[in-house]
Amino acid sequence: MIRFSVLILCLLICVGCGPQQVTVEDHQSTPAHIKLQPPVRIESFVRRGEPFESTYTAVPERVVAMWQNSIETIIALGEGDRIVAGMGIPDRKYVRPEYRAAYDKIPYKDLKYANLESVLMMKPDLLVGWKSTFTNKMLQTPTFWQERQANVYIAESSLGAQSALTMDMEYKYIRDLGRIFNRNMEAERLIQEMQQSVAYTVAQTANEKSPKALFIEVEGKHFRLYGHKTLAGNIGDSLHADVIDTETPTISMEDVIEQNPDVIFLIVSDGEYSQADVIMNYVLTQPGLQGVNALRNKRVHFLPLLAVYSPGIRLSDGIDIVSRGLYPNLYPEGVPDLIH
């Protein structure tokens, strides 16, 4: 259950079974053709240190979107009718309720990637996904698509952990998609709502002692640690938590006891939701942890990976869960449960 478990799970399914041949019956009405004047230029990255630029002279009309961040963010901007394929969501129930009607209208929806031939037949003019999407073994490189008059946008936070992952990366992601779809005002509104949520929590808790927060994922008999350089840790830092971190990617049971966190956020990927209660029970029943403040005060909370790994619009869920978990006096209604 490593940090990128959802990515690895999906890649195993996609690669192990092979990308599938699909036929898309497009029941969508043709979306409005909107020219962009002046043309919009967006910088993205194949990998860190290797930027590429895409130019948009019109709002994309046939979009292939990979992973939940892409699909839901485009829907949140009001442009879901431009998506001809949405791949990487294992089940409709994981889509936000307010986005499900738009999601249902996407002609092709599946956890698995369609194969390259099928995607070419969809005639996309934009593909949005992660670094892992655009390789020779998957759906080819940005250059391949640019040669076919299709643009590519890669989420920066999917490039890997060579540098810190931050909320600002997700704001830029939303802002870039807003520029691409000529939805600048909508993008700024979504960003401002998240920023205001953070600002409100910080202002209301300015005189409180910083709660000690532990962000972990169960990895066998060990805990993978999400520290300052992860998005989860950055959310905690922004909310003035005392985020527990170490120089290693894991934290031992003994160190958890020594650090004695006030609150524990248990990160679970969508591929593990069916086992979420088992994972939670494993943590809650560890004999050595019974004296830890978080367990004694019943402050161990689920934090779905979709809210803290390249989340796009779902960053708002990450902010909400962490805010409410850190400051129960400010939010007596408790932490929302996105898993059950």
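1. In this predicted model, the protein is built from 12 helices and 13 strands. Its radius of gyration is 20 Å, close to the 20 Å that the globule rule gives for 340 residues, so the protein is as compact as a globular protein of that length. Measured out along its principal axes, the C-alpha trace spans about 60 × 45 × 40 Å.

2. On burial and surface, 53% of the 340 residues count as buried, and the protein exposes about 15,100 Å², of which carbon and sulfur atoms supply 50%. Among contacts between residues at least 6 apart in sequence, 69% join residues that are at least 24 apart.

3. Helix 2, residues 68-76, deserves attention for its burial: 9 of its 9 residues are buried, so this helix is largely enclosed by the rest of the structure. The buried residues are Gln68, Asn69, Ser70, Ile71, Glu72, Thr73, Ile74, Ile75 and Ala76, and a reader may note that Glu72, which counts as charged, is in that list. The cover over these residues includes strand 3 (63-66), strand 4 (83-87), helix 3 (100-104), strand 6, helix 6 and helix 7. Just after helix 2 comes Gly78, which takes a positive phi of about 90°.

4. Helix 8, residues 231-238, can be described in similar terms, since 6 of its 8 residues are buried and the helix is therefore largely enclosed by the rest of the structure. Those buried residues are Leu231, Ala232, Gly233, Asn234, Ile235 and Gly236. What covers them includes helix 6 (167-180), strand 8 (212-219), strand 10 (242-243), strand 12, strand 13 (300-304) and helix 12. Helix 8 is followed by His240, whose phi is positive, near 65°.

5. Helix 7, which is part of the cover of helix 2, also packs against helix 12, which is part of the cover of helix 8. The axes of helix 7 (residues 184-204) and helix 12 (residues 315-326) come within 10 Å and cross at roughly 10°. Angles under 35 degrees count as roughly parallel, and the two helices are therefore roughly parallel to each other. On the side of helix 7 the contact is made by Met194, Ser197, Val198 and Thr201, which meet Leu315, Ser316, Ile319 and Ser323 in helix 12. The residues of this contact divide into 4 nonpolar, 4 polar and no charged.

6. Leu126 lies in strand 6 (residues 126-129), a strand that is itself among the elements covering helix 2. With a relative accessibility of 0%, Leu126 counts as buried, because the cut-off for that class is under 20%. Leaving aside neighbours within four places in sequence, Leu126 is in contact with Tyr56, Pro60, Arg62, Val63, Val64, Asn151, Val152, Tyr153, Ile180 and Phe181. By contrast with these contacts, the C-alpha atoms of Leu126 and Thr250, which are 124 residues apart along the chain, are separated by 38 Å.

7. Leu225, found in strand 9 (residues 222-225), likewise counts as buried, at 5% relative accessibility. Once neighbours within four places in sequence are left aside, the contacts of Leu225 are with Leu214, Phe215, Ile216, Ile244, Asp245, Thr246, Thr248, Pro249, Thr250 and Ile251. One of these partners, Asp245, is 20 residues from Leu225 in sequence and 7.3 Å from it in space, C-alpha to C-alpha.

8. Some backbone details merit a check by eye. The peptide bond from Gln37 to Pro38 is cis, with omega near 0°, and Pro38 has its place in strand 1 (residues 35-47).

9. Two further residues have a positive phi although neither is a glycine: for Gln149 the value is about 60°, and for Asn260 it is about 50°. Gln149 sits in the loop between helix 5 (142-146) and strand 7 (151-154), where, at 68% relative accessibility, it counts as exposed. Asn260 is found in the loop between helix 9 (253-259) and strand 12 (263-268), and, with a relative accessible area of 26%, Asn260 is partly exposed.

Definitions and conventions:
Residues are numbered from 1 along each chain as its sequence is written. This is a predicted model: local features need pLDDT of at least 70, side-chain atom pairs count only at pLDDT 80 or more; totals for chains, interfaces and linings use all residues. Side-chain values use heavy atoms; hydrogens and water are left out. Axes are lines fitted to C-alpha atoms, for helices over the stretch in contact, and angles run from 0 to 180 degrees between N-to-C directions. Helices (H or I, at least four residues) and strands (E, at least two) are DSSP runs, numbered from the N terminus. Angles under 35 degrees count as roughly parallel, over 145 as roughly antiparallel, 65 to 115 as roughly perpendicular and the rest as oblique. Contact means heavy atoms within 4.5 Å. The radius of gyration is taken over C-alpha atoms; the globule rule is 2.2 Å times the number of residues to the power 0.38. Buried means under 20% relative accessible area, exposed over 50%, partly exposed in between (1.4 Å probe, protein chains only). Accessible areas come from the Shrake-Rupley method with a 1.4 Å probe; for residues, only the protein chains shown count as cover.
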